[in-house]
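Trainee: Got a minute? I'd like to go through this structure with you, piece by piece.
Mentor: Sure, put it up and ask away.

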Amino acid sequence: IYSFKIFKHEFCDKLLEELDHFESMTKQLKIDVRRPNSMNNYGVILDDIGYYESIQSFMLTYISPFSQMLFKDHFGDSLDDHHCFLVRYKTGEDVDLALHVDDAEVTLNVCLGKQFKGGTLNFYGVKDNSCSLRAESCESSSTSSSCSPPKFVVEHNKGVGILHVGLHWHEANKIEQGERHNLILWCRSSKAKKKS
């Protein structure tokens with residue numbers, strides 16, 4: 001699990017402003033929006049609204065070189081596609097995210113900000129290694145209260161990215177107040193998909 005500053009605050013603000021315009025337009029025109037995944041009810045798939053090429057280039061230029069060095073054992077050296085989306089956590093909406101692994105070889109999770117308190121990320125073991133048995137027993141319990149303590153707890157900070165193996169068990173703790181937006185980039189490898 002690696003954490004580093006990746007976006008300037010101004011970029012985060014502009015991206016959220018663009019999202020606000022998009023949501024405003026879709027409400028006004030009564031257009032249904034496909035949500036990011038089966039676990040998040042609030043957000044948008046950036047690939048669906050014209051960002052696919054830009055994000056693909058970003059992944060290949062900036063994320064792939066790190067993934068080749070850090071996550072070679074998890075197909076980090078063969079990333080060639082992605083799924084990118086924004087999610088929103090807010091009181092009265094989605095406030096947390098249950099224990100899961102991502103449908104990706106490598107994940108980049110960047111906090112875009114707004115004002116919030118709480119909502120840290122808990123990381124456990126990687127699926128299919130010696131840590132997975134503990135994580136799988138947690139998954140079946142549907143809450144983390146019966147799990148052993150997380151191996152890592154990471155706080156979100158605006159503009160900071162968290163880069164990790166997609167098969168790393170993790171969960172988002174409850175946001176206590178305010179509103180937080182995150183850009184999630186699932187980096188995928190067709191080589192990995194062919195092996196599964």
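Trainee: Let's start with β11: how many of its residues are buried?
Mentor: 11 of the 14 residues of β11 are buried, so the strand is largely enclosed by the rest of the structure. Keep in mind that this is a predicted model.

Trainee: Okay, and which strands are joined to β11 by bridges, β3 for a start?
Mentor: β3 and β11 run antiparallel and are joined by 10 bridges. One pair to look up is tyrosine 89 with its bridge partner in β11, arginine 180. β5 is antiparallel to β11 as well, with 7 bridges between them. There, valine 106 has cysteine 187 of β11 as its bridge partner.

Trainee: What about β6, how many bridges does that one have with β11?
Mentor: β6, residues 116-118, pairs with β11 over 3 bridges, again in the antiparallel sense. Phenylalanine 116 stands opposite glycine 178 there.

Trainee: Switching topic: how many residues are in the largest nonpolar core?
Mentor: That core has 26 residues, and Ile63, Leu86, Leu112, Leu183 and Leu185 are the ones with the most contacts inside it. The elements giving two or more residues to it are α1 (9-29), α2 (52-70), β3 (81-90), β5 (106-113), β9 (160-165) and β11 (175-188).

Trainee: Which of them gives the most?
Mentor: α1 does, with 5 residues. There's also another core lying apart from this one, with 15 residues, including Val95 and Ala172. As a general point, nonpolar side chains tend to be buried together in soluble globular proteins.

Trainee: What does leucine 185 touch?
Mentor: Setting aside residues up to four places away in sequence, leucine 185 touches, among others, Ile55, Phe58, Met59 and Ile63, and also His82, Cys84 and Val106.

Trainee: And leucine 15, is that buried or exposed?
Mentor: Leucine 15 is buried, because its relative accessible area is 8%, under the 20% cut-off. You'll find leucine 15 in helix α1. Leaving aside its neighbours within four places in sequence, leucine 15 is in contact with Tyr51, Leu86, Leu112 and Leu183.

Trainee: How far apart are leucine 15 and leucine 112?
Mentor: In sequence, they're 97 residues apart, while in space their C-alpha atoms are 8.2 Å apart.

Trainee: Now a charged one. Where is aspartate 47, and what is the nearest side chain of opposite charge?
Mentor: Aspartate 47 is in the loop between β2 and α2. The nearest side chain of opposite charge is arginine 34, 7.0 Å away, and aspartate 47 has no salt bridge although it is buried.

Trainee: Then what does the side chain of aspartate 47 make a polar contact with?
Mentor: With the side chain of histidine 82, at 2.8 Å. The aspartate 47 side chain also reaches the backbone nitrogen of cysteine 84 at 3.2 Å. Beyond residues up to four places away in sequence, aspartate 47 touches Tyr52, Ile55, His82, His83 and Cys84.

Trainee: Last thing, backbone angles. What is phi of lysine 30?
Mentor: Phi of lysine 30 is near 55 degrees, a positive value in a residue other than glycine. Lysine 30 sits in the loop between α1 and β2 (43-45), and it counts as exposed because its relative accessibility is 73%. Phenylalanine 75 has a positive phi too, near 65 degrees. That residue lies in the loop between α2 and β3 and is partly exposed, with a relative accessible area of 22%.

Conventions
Residues are numbered from 1 along each chain as its sequence is written. This is a predicted model: local features need pLDDT of at least 70, side-chain atom pairs count only at pLDDT 80 or more; totals for chains, interfaces and linings use all residues. Side-chain values use heavy atoms; hydrogens and water are left out. A nonpolar core is a set of buried Ala, Val, Leu, Ile, Met, Phe, Trp, Tyr and Cys residues joined through side-chain atoms within 4.5 Å. Buried means under 20% relative accessible area, exposed over 50%, partly exposed in between (1.4 Å probe, protein chains only). Helices (H or I, at least four residues) and strands (E, at least two) are DSSP runs, numbered from the N terminus. Contact means heavy atoms within 4.5 Å. Two strands pair if DSSP finds at least two bridges between them. Lys and Arg count as positive and Asp and Glu as negative; His and the chain ends are not counted. A salt bridge is a side-chain nitrogen of Lys or Arg within 4 Å of a carboxyl oxygen of Asp or Glu. A polar contact is a pair of N or O atoms within 3.5 Å; within protein, one must be able to donate a hydrogen and the other to accept it, and residues adjacent in sequence count only if both atoms are side-chain atoms.
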